[in-house]
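Work through the exercises below with the sequence and the model open. Each task is followed by a worked solution.

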Amino acid sequence: MEERSPPAAGGKARNLLSSATSLRLSLTPARSQDHTYVVQIPRDQVYRVPPPENAKIVENHRQPDTQKKRKCTCCCWIFSALLLIGIAIGIIMLIVHTMYTPKSPEFSIINVHFKNVTQPSNGQKNKSHPVPQFEIDLKIVNINERMEASFGKGDNGIAALNFKNHEIGQGKYTAISQEPKDSTNSQFNLDAGKLPADFQKSLNDDKKAIPMTLIINAPMEITSWAKTLKKEVTVTCDFDVESVKGKSKIKSEDCKTDF
């Protein structure tokens with residue numbers, strides 16, 4: 001009987017590989033026509049798409065922010081427009097205030113003439129002779145460029161002439177009205193009262209300056225389309241005059257107004 005030699009080691013390994021392959025194939029299920037594949041993707045590469053209902057919720061949450069931005073933009077525009085309007089009104093009011101600020105007219109004495117002095121001026125009136133009077137010429141300049149001025153409106157002005165704190169003449173002031181930048185000469189008469197002795201002595205010296213004070217109390221009105229001012233004012237003029245009985249000469253003067 002012929003002895004068989006044991007199989008070699010390599011042949012045993014080949015038999016084991018063939019057996020494993022046969023087992024794997026036998027365990028593999030028979031494939032059908034419908035194939036199913038399972039694909040595994042790493043988590044860091046997964047991209048999820050939200051369902052439509054979730055997209056609507058997100059969109060609804062975004063709309064309030066957009067509406068808030070629109071409201072904020074509208075409010076900013078309205079506030080800016082109101083601010084610009086306020087600035088424009090302020091500039092206009094400033095211009096009007098600057099251009100239409102009432103200013104008092106300027107006064108100056110032109111002439112003072114003592115007339116009707118043929119009778120003694122002792123304060124007594126004689127019907128057969130005219131009353132001694134001081135005829136005064138006053139220059140008034142309306143320095144307002146855009147505003148009209150009136151002084152003594154309604155003949156309610158009262159004037160008085162003083163010599164060393166003694167009233168030597170009094171009467172009414174004649175009303176005047178002026179256009180802007182207008183100059184007017186106003187003439188009015190004051191009835192002479194009792195004259196002090198030193199004043200009567202000064203009348204005979206034509207070269208001696210006589211100190212006098214003219215005081216006028218009258219209503220003043222400065223008007224324009226933008227502004228109107230009504231006020232009772234007092235005009236005080238201190239002056240020195242020579243030759244009162246003839247052609248007088250004003251040596252110095254200073255007129256002030258409590259405007």
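The exercises concern a predicted model and go from the overall fold to single residues.

**Exercise 1. Describe the overall make-up of the protein: how many helices and strands does it have, and in what order do they run?**

Step 1. Count the elements: there are three helices and ten strands.
Step 2. Read them from the N terminus on, which gives α-α-β-β-β-β-β-β-β-α-β-β-β.
Step 3. Consider burial: 27% of the 259 residues are buried.
Step 4. Consider the contacts with a separation of 6 or more: residues 24 or more positions apart account for 69% of them.

**Exercise 2. Compare the UniProt feature at residues 77-96 with the model: is the span helix or strand?**

Step 1. The unreviewed UniProt entry places a "transmembrane region" at residues 77-96.
Step 2. In the model this span is 100% helix and 0% strand.
Step 3. The C-alpha atoms at its two ends lie 29 Å apart.

**Exercise 3. Find the partners of strand β4 and state the sense in which each pairs.**

Step 1. Strand β4 covers residues 157-163, and six of its seven residues are buried.
Step 2. One partner is β5, which pairs with β4 in the antiparallel sense over seven bridges.
Step 3. These two strands form a hairpin with two residues between them. In the turn, K164 has a positive phi of about 50 degrees.
Step 4. Another partner is strand β8 (residues 210-223), joined to β4 by five bridges and also antiparallel.
Step 5. Use I158 to check both pairings: it stands opposite K172 in β5 and opposite N217 in β8.

**Exercise 4. Classify the ring pairs of Y173 with F151 and F188, and say which parts of the chain they link.**

Step 1. A search of the whole structure finds eight aromatic pairs.
Step 2. For F151 and Y173, the ring centres are 5.1 Å apart and the planes make 65 degrees; planes over 60 degrees apart count as edge-to-face, so this pair is edge-to-face.
Step 3. F151 belongs to strand β3 (residues 148-151) and Y173 to strand β5 (residues 166-173), so the pair ties together parts 22 residues apart in sequence.
Step 4. Y173 and F188 also form an edge-to-face pair, at 5.1 Å centre to centre and with 70 degrees between the planes.
Step 5. This second pair links Y173 in β5 to F188 in strand β7 (residues 183-192), 15 residues apart.
Step 6. Check burial against the limit of under 20% relative accessible area. Y173 has 1% and is buried; F188 has 3% and is buried. F151 is buried too.
Step 7. Ring pairs link F107, F151, Y173 and F188 into a cluster.

**Exercise 5. Describe the surroundings of S202: is the residue buried or exposed, and what does its side chain reach?**

Step 1. S202 lies in helix α3, which spans residues 197-203.
Step 2. Its relative accessible area is 8%, so S202 is buried.
Step 3. The side chain of S202 reaches the backbone oxygen of D198 at 2.9 Å.
Step 4. Leaving out residues up to four places away in sequence, S202 touches K208 and I210.
Step 5. S202 and E242 are 40 residues apart in sequence, with 9.3 Å between their C-alpha atoms.

**Exercise 6. Locate the charged end of K231: over which ring does it sit?**

Step 1. The ring is that of F259.
Step 2. The charged end of K231 is 5.4 Å from the centre of this ring.

Definitions and conventions:
Residues numbered from 1 in each chain as written. Predicted model: local features only at pLDDT ≥ 70, side-chain atom pairs only at ≥ 80, totals over all residues. Heavy atoms only, no water. UniProt positions renumbered as here; feature names shortened; annotations may be inferred. Helix = DSSP H or I, 4+ residues; strand = E, 2+ residues; numbered from the N terminus. Phe/Tyr/Trp six-rings, centres within 6.5 Å; stacked < 30°, edge-to-face > 60°. Buried < 20%, exposed > 50% of the residue type's maximum accessible area, 1.4 Å probe, protein only. Lys NZ or Arg CZ within 6 Å of the ring centre and 35° of its normal. Contact = heavy atoms within 4.5 Å. Polar contact = N/O pair within 3.5 Å; in protein donor to acceptor, adjacent residues only side chain to side chain. Pairing = 2+ DSSP bridges.
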